[in-house]
Amino acid sequence: MKQKLKSLLLQAVERLQSEGVLDNNLTPQINIERSRDSSHGDYATNLALILAKPAKSNPRQLAEKIIALLPDDASVSKVVIAGPGFINFFIQGDSQSQVVRQIHDAGNQFGLSQIGAGSKVQVEFVSANPTGPLHVGHGRGAAYGSAVADLLSAVGFEVSKEYYVNDAGRQMDILATSIWLRYLEECGEVIVFPCNGYRGEYIRDIAFNIHKKTGNEYRRPGELLLEDIPADESHGGDKEKHIDALVDRAKTLLGSSLYHDLFQAGLSVILDDIKEDLEEFGVSYQEWFSERQLIEDGSIQEALKRLDEGGFLYEKEGATWFASSQLGDDKDRVVVRENGQSTYFASDIAYHMNKLDRGFDQIINIWGSDHHGYIPRVRAAMTALGADDSKLKVKLVQFAILYRGKEKLPMSTRSGEFVTLRQLRSEVGTDAARFFYVMRKSEQHMNFDLKLARSKTNENPVYYVQYAHARVCSVMRQLDEKGWERDLVVGMENLDLLVEEHETALLTSLSKYPETLERAALQYEPHLLIQYLRDLATHFHTYYNAHQFLVDDVALRNARLNLIGATKQILFNGLNLLKINTPESM
RNA sequence: GCGCUUGUAGCUCAGCUGGAUAGAGCAUCGGCCUUCUAAGCCGAGGGUCGCAGGUUCGACUCCUGCCAAGCGUACCA
């Protein structure tokens with residue numbers, strides 16, 4: 001429709017140009033918008049306002065000329081000038097109601113498009129360190145990331161979802177050591193657990209299971225642990241030095257082979273748990289990409305070599321630096337430490353090089369907002385590698401602050417005191433969790449009230465949308481009980497009977513679904529879809545209360561049934577895309 | 001100090017890339033169940049869009065400067 005109006009306006013502009021009213025080399029951007037207020041018609045354009053200045057005329061007069069030169073079209077019933085010079089279009093009612101037929105014909109496919117044209121997009125999200133279960137902060141990234149990815153697929157992009165597994169590095173060593181210490185406790189050794197170790201209950205569970213399976217294979221005398229080791233914070237020392245020394249001790253006492261086995265055992269338990277958790281949350285990945293693999297297959301060396309060839313590396317104070325400040329970063333960054341170890345950032349350079357090599361047209365990283373300072377250096381790295389850094393899009397997700405009513409809940413991983421995504425899901429349900437997470441713009445700091453999300457009352461927006469779907473189903477069941485049959489053909493033939501205010505409002509709302517989907521996808525803003533679905537549900541509920549569907553008039557009845565059938569289809573398509581259930585009754 | 005994000009109704013948040021009278025849910029108040037599910041609907045009250053300038057036909061939206069909150073500013077990951 002927009003396209004049609006655009007071409008009509010373009011013809012009018014061309015005629016104005018040939019009449020000399022407008023300059024010939026003027027190529028105006030024609031903007032057509034949905035009217036916000038139905039009294040302003042269905043579509044509006046600000047064309048006259050924009051052209052007024054170059055045409056040296058006042059906008060309303062210009063609008064009159066444009067309208068006079070506008071070619072006739074069957075689907076446009078009325079064109080009027082309003083306000084300062086807006087041109088409002090009223091669309092013929094029966095062309096509006098055709099959306100019901102289109103929705104019925106396309107069914108589950110309605111709204112999908114090919115604007116992505118098979119362009120390859122990678123979306124990386126969550127990527128939480130596998131040092132424990134996912135918590136509610138990760139939940140937001142998971143819900144947002146998967147919604148963005150699924151939306152992009154829906155509009156024709158070829159999407160690959162990826163989780164970057166940080167299975168290397170110090171945190172993982174601390175995890176392995178924490179597990180080992182709990183294991184030793186399990187064996188009956190007396191140990192002092194480090195301040196900086198992972199204290200969560202799940203560590204004990206893992207240790208317990210390893211002990212059950214392997215007996216005393218990993219047991220070493222407890223008194224050897226702390227020999228000549230720097231004091232922990234609790235004893236007036238430095239907790240970082242203490243834990244690092246403890247990790248080294250674990251490696252020495254166990255030997256590299258056993259240490260590796262233990263490390264691997266812990267990692268796989270946690271990773272499996274994360275996978276299962278996400279799967280249950282409706283989030284699936286094409287790729288679980290291992291950081292360790294980058295280290296082991298020489299990718300990091302390769303990446304550094306390429307940076308060096310570009311002249312971006314230099315040595316200072318025994319370390320190797322990447323001159324990222326030449327490329328927009330605040331300062332240069334270390335890639336290889338004085339001790340010869342590459343940094344996490346070096347891994348990330350290699351990782352992004354790998355992403356580029358895989359030929360994605362667009363690389364979308366979804367990160368927690370605390371990583372924002374990291375963006376310039378990654379961009380710098382991509383540029384230094386000779387890539388176009390505009391391929392990279394970073395979307396930051398703000399933290400969700402969790403409340404239970406008025407009470408704020410703690411969120412710290414190390415202490416083990418945090419609400420896990422699992423707990424959240426079991427407390428409020430997967431549907432409500434997804435809905436709540438995606439309901440807000442990702443950059444918005446979010447207050448997540450568990451009490452509200454859990455409530456099975458009118459306070460909860462999830463049910464509002466689901467209820468609309470269930471209500472349509474209920475009407476269809478009632479139809480059956482009355483001994484009537486739905487006649488699709490009769491309904492379609494009588495769509496022009498849908499002239500009530502509530503009906504045209506619902507029709508308009510339905511016709512907006514494809515463009516909403518498109519916008520939500522291209523702008524990476526799934527909350528627009530949620531917003532839309534709530535709006536659609538409102539139109540339906542209002543209609544439901546204002547008019548009877550199951551009327552005696554066969555023509556009207558079937559037209560209405562087709563209308564609410566189409567509504568049900570859109571509610572289904574939208575919720576389904578967001579992996580939220582659509583109950584047939586509630 | 002510098003950087004990123006945020007600031008809209010009592011609370012939680014939208015606001016369609018600069019449009020017409022700034023919207024929704026919750027909360028408050030008042031109505032609607034002998035008729036398709038009241039997890040619903042209708043109505044009322046509630047606003048200096050953080051503050052001050054600027055850009056223009058027109059600003060919640062863009063620019064500048066302040067103010068406030070969160071985060072970041074590692075040879076941690």
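**Strand pairing, buried elements and the RNA-facing surface**

In the predicted model, strand β11 and strand β12 (residues 392-397) pair in the parallel sense, with six bridges between them. Within this pairing, Ile-363 is placed opposite Leu-392 of β12. Strand β11 also pairs with strand β5 (residues 120-124), again in the parallel sense, here over four bridges, and Ile-364 of β11 is the bridge partner of Val-123. Of the seven residues that make up β11 (residues 362-368), six are buried, and the strand is therefore largely enclosed by the rest of the structure.

A comparable analysis was made for helix α14 (residues 430-439), where nine of the 10 residues are buried, so that this helix is likewise largely enclosed by the rest of the structure. The buried residues of α14 are Asp-431, Ala-432, Ala-433, Arg-434, Phe-435, Phe-436, Tyr-437, Val-438 and Met-439.

Burial was also examined for individual residues, beginning with Leu-278, which belongs to helix α8 (residues 239-280). Leu-278 has a relative accessibility of 0% and counts as buried because this value falls under the 20% limit. When residues up to four places away in sequence are set aside, Leu-278 touches Leu-134, Ala-142, Tyr-163, Val-283, Tyr-285 and Trp-288. The C-alpha atoms of Leu-278 and Leu-421 are 8.9 Å apart in space, although 143 residues separate the two in sequence.

Ser-75 is located in the loop that runs between α3 (59-69) and β3 (76-82). With a relative accessible area of 8%, Ser-75 is buried, and its side chain takes part in polar contacts with two other side chains, that of Asp-73 at 2.7 Å and that of Lys-4 at 3.4 Å. Not counting residues up to four places away in sequence, Ser-75 touches Met-1, Lys-4, Phe-90, Ile-91, Gln-92 and Ser-95.

With respect to the division into domains, chain A comprises domain 1 (2-91), domain 2 (170-269) and domain 3 (461-577). The centres of domain 1 and domain 3, taken over C-alpha atoms, are separated by 32 Å.

The surroundings of RNA strand B include 64 residues, of which Arg-337, His-372, Tyr-467, Ser-474 and Tyr-544 come nearest. Among the atoms of RNA strand B that come within 4 Å of the protein, 66% belong to sugar and phosphate. The surface near RNA strand B is made up of 21 nonpolar, 25 polar and 18 charged residues. At least two residues of this surface are supplied by each of β4 (86-91), α6 (170-187), β15 (446-449), α16 (461-481) and α20 (527-546), and the largest share, nine residues, comes from α16.

Backbone atoms of the protein also approach RNA strand B, and the partner atoms were examined in three cases. For Glu-338, a backbone N or O atom lies 2.7 Å from a base oxygen of RNA strand B, whereas for His-547 a backbone N or O atom is placed 2.5 Å from a base nitrogen of that strand. For Lys-441, the partner of the backbone N or O atom is a phosphate oxygen of RNA strand B, at a distance of 2.8 Å.

Methods: Residues numbered from 1 in each chain as written. Chains lettered and ligands numbered in written order. Predicted model: local features only at pLDDT ≥ 70, side-chain atom pairs only at ≥ 80, totals over all residues. Heavy atoms only, no water. Buried < 20%, exposed > 50% of the residue type's maximum accessible area, 1.4 Å probe, protein only. Polar contact = N/O pair within 3.5 Å; in protein donor to acceptor, adjacent residues only side chain to side chain. Contact = heavy atoms within 4.5 Å. Near = heavy atom within 4 Å. Nonpolar A, V, L, I, M, F, W, Y, C, P; charged D, E, K, R; others polar. Domains from an automatic or database assignment. Pairing = 2+ DSSP bridges.
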